[in-house]
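Please examine the sequence and the model shown below. The paragraphs that follow begin with one helix and then turn to the contact between chains and to the domains.

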Amino acid sequence: MFFAVFTHPFHMLTLFLRAVFLDLFVLLILRLTGKRQVSDLQPYDLLMTLIIADLASTAIADTDIPLLYSVVPILALYLVQQAIAKLCLKFSPVRRLVCGTPQILILDGVLQEKIMRRTNYTVRDLLDSLRSKDIFDVGEVAYAILETNGTVSVLEKAAFQQPNKRELGLEPGSAALSHLLILEGRIQKSGLETLHLSQSDVEAMLKKHGLALRNIFFAQMNGDGELHIQTDRKDRSRVMRFSEG
Amino acid sequence: MGFTIFRTAMTILICGFLVLLFLLPSAILSRFSVQANELIDKAENALLSGDREAAALHCGALFRLVRDRMPVLERFLNHASIDALDACVAVADCAVRADDPGAAAEALAEARSILVRIEGIELFSWNNLL
């Protein structure tokens, strides 16, 4: 009697599958555009992303509309975006037109009022951006440049810049990238390949330090052979560092 | 490099898919509307000449045509307009069988106007574009 109510058991399945399909479709399109995060987006790209999201949501919610009503405009927007990206790469005037040009907001410690007014960038916005870069005094800034994606790049005056190892005459050491070797007790093949190691090499290293693979929560190694290990123990001794070079 | 090749390949595929979508649905819709209009004309002529048997035959054929093509048409046309067309054709078919030529003619005229509306919306024209 109760089950007789369910004359069509898959009533919501259409909505579910449409949502899954369009989600995967939008994911594919956004990946094809090549942008990884919102901070990479130019205002134009952001606008495209919002329109694509809106088009997808229309067809998800309204089953009266064929999926093609969303798919075709999304594909069209993708093609337009690709065409504009190609034009921007080849012709700098097009790039200037679509993306704008970087604007200097501070020049040698002096706020550029005219440019700030033109770009609708307030002094408070600029001070916020400087503070987020650990600069609390406008006088320390040689250049502050408003980039086309809305971020502010700052070059401090030479007197306020931190000295680097070369200027201090220190041994530079190597800038070696660390690669993930073990995660939650499992050896990561990509890390092995990059470091030119085999699984038995890693197991031998762990054995040398009295560790078992299953007890390793996280391990990474850099190009100099420095191994950073975190075990699944709960005490302070769970983090270890060895040199295997 | 691999991703760039993949993206270029996908972009070419998307272009091809869009060209296909520009051509195929409009070809299907044009063919369907020619057949449907033909049957509507025949049914209306039969109704005018008082040939109820021929009118019933053509209305039945029209009804079957719409029902047969409905699944394909719904892939690229708004379902509401297809449902409206189907309803009109069903009414015309019933009215002819119930010996009500006035209601049948009215339903056929409505079906024709829906077809014209669908074509006007779906097939490319500069008026629609703006």
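**A helix, an interface and three domains**

In this predicted model, the buried residues of α3(B) are covered by elements that include α2 (52–76) and α4 (101–122) of chain B. The residues concerned are B:I82, B:L85, B:C88, B:V89, B:V91, B:A92, B:D93, B:A95 and B:V96, each of which is buried. A general property of helices helps in reading such a list: an α-helix has 3.6 residues a turn, so residues three or four places apart point the same way.

Helix α3 of chain B comprises 19 residues, spanning 79–97. From its first C-alpha to its last it reaches 27 Å, close to the 27 Å expected at 1.5 Å a residue. Just beyond the end of α3(B), B:D99 adopts a positive phi of about 60 degrees.

The contact between the two chains comes next. Here 14 residues of chain B are in contact with 10 residues of chain A. On the chain B side, the elements that contribute two or more residues are α1 (2–48), α2 and α3 of chain B. Of these, α1(B) supplies the largest share, with seven residues. Classed by residue type, the side of chain B that touches chain A holds eight nonpolar, three polar and three charged residues.

Chain A may be followed by its domains. The domain assignment divides out domain 1 (11–96), domain 2 (103–160) and domain 3 (178–243) of chain A. Between domain 2 of chain A and domain 3 of chain A, the C-alpha centres lie 44 Å apart.

Definitions and conventions: Residues are numbered from 1 along each chain as its sequence is written. Chains are lettered from A and ligands numbered from 1 in the order in which they are written. This is a predicted model: local features need pLDDT of at least 70, side-chain atom pairs count only at pLDDT 80 or more; totals for chains, interfaces and linings use all residues. Domain bounds come from an automatic or database domain assignment. Helices (H or I, at least four residues) and strands (E, at least two) are DSSP runs, numbered from the N terminus. The expected span of a helix is 1.5 Å times one less than its number of residues. A residue is buried if 20 or more other C-beta atoms lie within 10 Å of its own, exposed if 12 or fewer, and partly exposed in between; C-beta atoms are placed from the backbone. Two residues are in contact if their C-beta atoms, placed from the backbone, lie within 7 Å. Ala, Val, Leu, Ile, Met, Phe, Trp, Tyr, Cys and Pro count as nonpolar, Asp, Glu, Lys and Arg as charged, and the others, Gly among them, as polar.
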